[in-house]
Amino acid sequence: MAGSPDLWSRWGEFGKFNSRGMKGGEALILELNRIVYSSGFTSPVTSKRGLSARLRYLDSTAGREALRDQGASARTIRSWMKGKSTPTAANRERIDSAYWHRRRENLIRSGWLKRHLDNDGRGRRMEIYPVDQSQVPAERSRPTLSQRTITVRYIWSDLVDAWAAQDSDTVDEIWDDVISDLDSDYNAYAHVSSVGIGA
């Protein structure tokens, strides 16, 4: 575009013309979170079954520590574990937060998430959804952007490590590696609406 050579190369001033989306690295983080959350208990903490399952999962030194980190006292935790008291709605949320914290840590520590995504070296299919340009003026829009599907290999160990360390800069670098496998239009996918990992 005349006068704006970098506007679409890396979305120079992203959002200036009402394009909507997020950095690709942010989308990767959200998708890893989705995979972890979809691997846990399906019964909500508000149900008797879901509450009991979470308390059993947290019945360990590390689990009790996670509950204490959420503000529960040792006495209250013992009472919950023995079934002598029913947690309030606010405490159920604390129990749920402690459960997901431990679940995430265990999936990282065990290496399950890395193995699951690496898929014996075959990698995983990734769907990349371009930014939403529905509010972008026609003369500023990029009509060639479309959903892309690629098979991604080799990044998963580094990605999980960066995600576990909450290192968004490294996740952004990994995203650049992912989109470099696209055609010459790859810079236009520095920002996206979302990504989906077939896992």
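A nonpolar core is defined here as a set of buried Ala, Val, Leu, Ile, Met, Phe, Trp, Tyr and Cys residues joined through side-chain atoms within 4.5 Å, where buried denotes under 20% relative accessible area, exposed over 50%, and partly exposed the range in between (1.4 Å probe, protein chains only). The structure analysed is a predicted model, in which local features need pLDDT of at least 70 and side-chain atom pairs count only at pLDDT 80 or more, whereas totals for chains, interfaces and linings use all residues. Residues are numbered from 1 along each chain as its sequence is written, and side-chain values use heavy atoms, with hydrogens and water left out.

The largest nonpolar core comprises 32 residues, and within it M126 and W175 touch the most other members. At least two residues of this core are supplied by each of α1 (24–38), α6 (112–118), β2 (124–130), β3 (148–152), α7 (156–164), α8 (168–179) and β4 (191–197); helices (H or I, at least four residues) and strands (E, at least two) are DSSP runs, numbered from the N terminus. When residues up to four places away in sequence are not counted, W175 touches G24, G25, L28, M126, I128, Y189, A190, V192 and V195, contact being taken as heavy atoms within 4.5 Å. Apart from the largest core lies another, of 13 residues, which includes L51, A66, A72 and A98. In soluble globular proteins, nonpolar side chains tend to be buried together.

Strand β2 presents two faces: R124, M126, I128 and P130 are covered, while R125, E127 and Y129 are uncovered. Two strands are considered paired if DSSP finds at least two bridges between them. By this criterion β2 is joined to β3 by five bridges in an antiparallel arrangement, with R124 standing opposite V152 of β3. The pairing of β2 with β4 is likewise antiparallel and extends over five bridges; here M126 stands opposite I197 of β4.

Among the helices, α2 (residues 48–57) has G50, L51, A53, R54 and L55 as its buried residues, and their cover includes α4 and α5. In helix α3 (residues 61–69) the buried residues are G63, A66 and L67. These residues lie on the same side of α3 because they cover an arc of only 100° around the axis, the arc being that of the directions from the helix axis to the C-beta atoms. The buried residues of α3 pack against α4 (74–81) and α5 (89–110), whereas T61 and D69, on the other side of α3, are exposed. Helix α3 is followed by G71, whose phi is positive, near 105°.

Positive phi values also occur in residues other than glycine. For N119, phi is near 55°; N119 is located in the loop between α6 and β2 and, at 19% relative accessibility, counts as buried. Phi of Q166 is near 55°. Residue Q166 is placed in the loop between α7 and α8 and is exposed, with a relative accessible area of 67%. In helix α8 itself, D177 is partly exposed, with a relative accessible area of 48%. The C-alpha atoms of D177 and I155 are 8.4 Å apart in space, although the two residues are 22 apart in sequence.

A search of the whole structure for aromatic pairs yields five; rings of Phe, Tyr and Trp (its six-membered ring) pair if their centres lie within 6.5 Å, and planes under 30 degrees apart count as stacked, over 60 as edge-to-face and the rest as tilted. The ring centres of Y57 and Y99 are 5.0 Å apart and the ring planes stand at 80°, so this pair is edge-to-face. The pair links distant parts of the chain, with Y57 in helix α2 and Y99 in helix α5, 42 residues apart. Y57 is partly exposed at a relative accessible area of 25%, whereas Y99 is buried at 1% relative accessibility. One aromatic cluster is formed by Y37, F41, Y57, Y99 and W100.

A charge is also found over an aromatic ring: R104 lies over the face of W163, at 4.2 Å from the ring centre. This assignment requires NZ of Lys or CZ of Arg to be within 6 Å of the ring centre and within 35 degrees of the ring normal.
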